[in-house]
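Trainee: I have a structure open that is new to me, and I would like to learn how to read its features. Could you take me through some of them, one at a time?

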Amino acid sequence: MGVALVLIEVLPSGALAATAPGLLAAAARVGEPVAVIVGPADALSGAAAEAAGLGAVRVLTTETVPDALTIPVVDALAAAVDRERPDLVLASNAVESRDALARLAARRRLPLATDVVGVDRDELGVVAHHSVLGGAFTVDGAPTFGTLLATLRPGAVDARLESRPLVVDSLEVVASEVRAARIDGFSETVAPSSRPELRGAAAVVAGGRGVGSREDFALVEQLADVLGAAVGASRAAVDAGYVPAAAQVGQTGVSVSPRLYVALGISGAIQHRAGMQTAGIIVAIDKNPDAPIFDIADFGIVGDLFTVVPQLISALEAHKN
């Protein structure tokens, strides 16, 4: 097998982004997963050890230029591609990583596949899997030349690799002449929450217009807390002011692929289905038996969610106790 480079984001805290395990597991289907970590010097050793613990066979590290955006990451990836000659470069479909891979593709004239739900290898080379047309179809794409660059939908792969011994190499990067935007300053806003982040969560409970009001949306949050799930919403619920726009799941919101997706009062318009149809198990509760969400649900309950959900919460709490 060849090499699959994996760009892993480092959070301001110095920890790896939650997408790291899935990225490494997905890349291992194509080649030996080699992590690329670009970050501040004081965070590199800890981040490298964490990457090895998640299954990276080697870790390539380089110190980022202070306050510079994107371009240092592109320079590092270009150096890693020259050194490793990989069959695949994989990154999260998050804004920063997607931007970096798009710039690398333009700089090196390499093929780019975005928002893939998996990668594989056949007798001809690397294959990228896409969920398209609102999740109605899964299609495969493959490059006809060069290294494939791909961004993976967070949560699409929940497999995990075994820990590997730590092998770290310092990546020699020659800075390009491309001008980079810089951060003049920022302030961090901490919003304490026991819930997981929506993007990449293993379980999501989402509410739609059928919830009825901002106050009644608390029922969605209660079920999410019992399940240890993230909270999502349809665009209709966001437009109605039930929840902030950051909770929107769908074509114009966040795409998620959790193991469990619970839809409460969501009709299942194609735009919403585009962002959640690749979930492992879909549970839908709606009083309309003809709601499109039931066409893709693994389990469906036709009924008043204000009757069904409190019973579900009570049953789950009793099971925990």
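**Reading helices, sheets and loops**

Mentor: Let us begin with a pair of helices, keeping in mind that this is a predicted model. Helix α5 (residues 218-227) packs with helix α8 (residues 305-320) at an angle of about 20°, and their axes are 10 Å apart.

Trainee: Are α5 and α8 parallel or perpendicular to each other, roughly?

Mentor: Angles under 35 degrees count as roughly parallel, and α5 and α8 are therefore described as roughly parallel to each other. The crossing in which α5 passes α8 is left-handed.

Trainee: Which residues make the contact between α5 and α8?

Mentor: On the α5 side the contact is made by L219, Q222, L223, D225, V226 and L227, while α8 contributes L305, F306, V309, P310, L312, I313, L316, E317 and K320. Sorted by class, this contact of α5 with α8 has 11 nonpolar residues, 1 polar residue and 3 charged residues.

Trainee: Why do the residues on one face of a helix recur every three or four places?

Mentor: An α-helix has 3.6 residues a turn, so residues three or four places apart point the same way. With that idea in mind, look at helix α2 (residues 41-53), where A43, L44, A47, A48, A51 and A52 are buried.

Trainee: What covers the buried residues of α2?

Mentor: The cover includes β1, α1 (20-27), β2 (31-39), β3 (58-63) and β10. Following α2 comes G55, whose phi is positive, near 115°.

Trainee: Where else is phi positive, in a residue that is not a glycine?

Mentor: One case is R85, with a positive phi of about 50° although R85 is not a glycine. R85 sits in the loop between α3 (71-84) and β4 (88-92), and with a relative accessible area of 63% this residue is exposed. Another case is D115, a residue other than glycine whose phi is near 55°, but the place of D115 is in strand β5 (residues 112-116).

Trainee: You mentioned α3, so at what angle do the axes of α3 and α4 cross?

Mentor: The axes of α3 and helix α4 (residues 95-108) cross at roughly 55° and come within 9 Å. That angle makes α3 oblique to α4, and α3 passes α4 in a right-handed crossing. The contact is made by I71, V73, V74, D75, L77, A78, V81 and D82 of α3 together with A100, L101, R103, L104, R107 and R108 of α4. By class, the contact of α3 with α4 has 9 nonpolar residues, no polar ones and 5 charged ones.

Trainee: Turning to the strands, in what order do they lie in the open sheet of 7 strands?

Mentor: The way to read a sheet is to follow the strands from one edge to the other, and here the order is β5-β9-β4-β1-β2-β3-β10, with parallel pairing. At the edges stand β5 and β10 (168-170), each with a single partner strand, so one side of each is left without a neighbour in the sheet. From one strand to the next the twist averages 25°.

Trainee: How many bridges join β4 to β9?

Mentor: Strand β9 (residues 148-152) is joined to β4 by 5 bridges, and the two run parallel. Within that pairing, S92 has L152 in β9 as its bridge partner. Helix α4 packs on the sheet as well, touching β1 (2-8), β4, β5 and β9, and its direction makes about 165° with that of β9.

Trainee: Which strands form the open sheet of 3 strands?

Mentor: That sheet has the order β6-β7-β8, with antiparallel pairing. Its edge strands are β6 and β8 (137-141), each of which pairs on one side only, and the twist from one strand to the next averages 30°.

Trainee: What joins β6 to β7?

Mentor: A hairpin joins them through 2 residues. Strand β6 (residues 118-122) and strand β7 (residues 125-132) run antiparallel and are joined by 5 bridges. Across this pairing, R121 stands opposite V126 in β7, and D120 stands opposite V127 in β7.

Trainee: To finish with a loop, where is N288 found?

Mentor: N288 is in the loop between β14 (281-286) and β15 (299-302). At 36% relative accessibility, N288 counts as partly exposed. Distance in sequence and distance in space are read separately, and N288 and S267 are 21 residues apart in sequence and 8.0 Å apart in space, C-alpha to C-alpha.

Definitions and conventions:
Residues are numbered from 1 along each chain as its sequence is written. This is a predicted model: local features need pLDDT of at least 70, side-chain atom pairs count only at pLDDT 80 or more; totals for chains, interfaces and linings use all residues. Side-chain values use heavy atoms; hydrogens and water are left out. Helices (H or I, at least four residues) and strands (E, at least two) are DSSP runs, numbered from the N terminus. Buried means under 20% relative accessible area, exposed over 50%, partly exposed in between (1.4 Å probe, protein chains only). Axes are lines fitted to C-alpha atoms, for helices over the stretch in contact, and angles run from 0 to 180 degrees between N-to-C directions. Angles under 35 degrees count as roughly parallel, over 145 as roughly antiparallel, 65 to 115 as roughly perpendicular and the rest as oblique. A crossing is left-handed if the near helix is turned anticlockwise from the far one by less than a right angle, and right-handed if clockwise. Contact means heavy atoms within 4.5 Å. Ala, Val, Leu, Ile, Met, Phe, Trp, Tyr, Cys and Pro count as nonpolar, Asp, Glu, Lys and Arg as charged, and the others, Gly among them, as polar. Two strands pair if DSSP finds at least two bridges between them.
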